[in-house]
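Student: Let us go through this model together. I will ask for the reasoning behind each label.

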Amino acid sequence: MDDLISAAREAGSTAYAPYSNFQVGAALLFADGSVVTGANVENASYGLGLCAETVAVAKAMSSGTRGGLEAVAVTGPAHDPITPCGRCRQVLNELAALGGTDPDVHCAGADEVITVKLSQLLPMAFGPDSLV
Ligand code: THU
């Protein structure tokens, strides 16, 4: 968990967040031990910004990863633990559902980490199986 949070913090330091000045990092741990990170990427057209978790999922899926998601870490600049926004919960759920896992989500703050299951963050999720 500590290593995954460190990876998220490192990723967060590369965030492009000049408008909110709120740098977020995310790290995804897969069953094969690999880690994929992401950081938020904002835009002068404010509503087009991308969250760190979404960037990380896009990086993983665009390099062919499908499922195997075992854990997620999210870090931010606030003192309190940061939890993924609603859209990111849905985006994370898609990747997790492809491999049938329910990853731990480590929400890190300055001196506190809250660990919850993705299914707790997004109960009764709509996912790939909902379409069949
Ligand atoms: N943000 C994330 O990257 N992930 C979240 O789960 C919540 C919010 C970003 C979006 C925006 O760039 C900044 O944090 C302030 O909302």
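**Salt bridge and ligand site**

Tutor: In this predicted model, the side chains of D104 and K117 meet in a salt bridge, 3.2 Å from N to O.

Student: Why is the contact of D104 and K117 called a salt bridge?

Tutor: The cut-off is 4 Å between a side-chain nitrogen of Lys or Arg and a carboxyl oxygen of Asp or Glu. The N to O distance for D104 and K117 is 3.2 Å, so the pair qualifies. By this rule the count comes to 1 salt bridge.

Student: Which parts of the chain does the pair link?

Tutor: Distant ones: D104 is in strand 4 (residues 104-108) and K117 in strand 5 (residues 113-117), 13 residues apart.

Student: What makes the ligand's approach to the side chain of E42 a polar contact?

Tutor: A polar contact needs N or O atoms within 3.5 Å. A polar side-chain atom of E42 lies 2.5 Å from a ligand oxygen, so E42 passes. For the side chain of E53 the distance is 2.7 Å, and for N40 it is 2.9 Å.

Student: How much of the ligand does the protein bury?

Tutor: The protein buries 76% of the 380 Å² that the ligand exposes when taken alone.

Student: Where does the ligand sit, and what classes of residue form its shell?

Tutor: The ligand sits in the largest pocket. Its shell has 6 nonpolar, 3 polar and 2 charged residues. Residues around the ligand include F22, V24 and P84.

Key: Residues are numbered from 1 along each chain as its sequence is written. This is a predicted model: local features need pLDDT of at least 70, side-chain atom pairs count only at pLDDT 80 or more; totals for chains, interfaces and linings use all residues. Side-chain values use heavy atoms; hydrogens and water are left out. A residue is near a molecule or strand if one of its heavy atoms lies within 4 Å of it. A polar contact is a pair of N or O atoms within 3.5 Å; within protein, one must be able to donate a hydrogen and the other to accept it, and residues adjacent in sequence count only if both atoms are side-chain atoms. Accessible areas come from the Shrake-Rupley method with a 1.4 Å probe; for residues, only the protein chains shown count as cover. On a 1 Å grid over the protein atoms alone, a cavity is a set of points where a 1.4 Å probe fits but cannot get out, and a pocket is an open set with protein on both sides within 12 Å along at least five of seven lines; lining residues have an atom within 4 Å of a point. A molecule sits in a cavity or pocket if more than half of its atoms lie within 2 Å of its grid points. Ala, Val, Leu, Ile, Met, Phe, Trp, Tyr, Cys and Pro count as nonpolar, Asp, Glu, Lys and Arg as charged, and the others, Gly among them, as polar. Helices (H or I, at least four residues) and strands (E, at least two) are DSSP runs, numbered from the N terminus.
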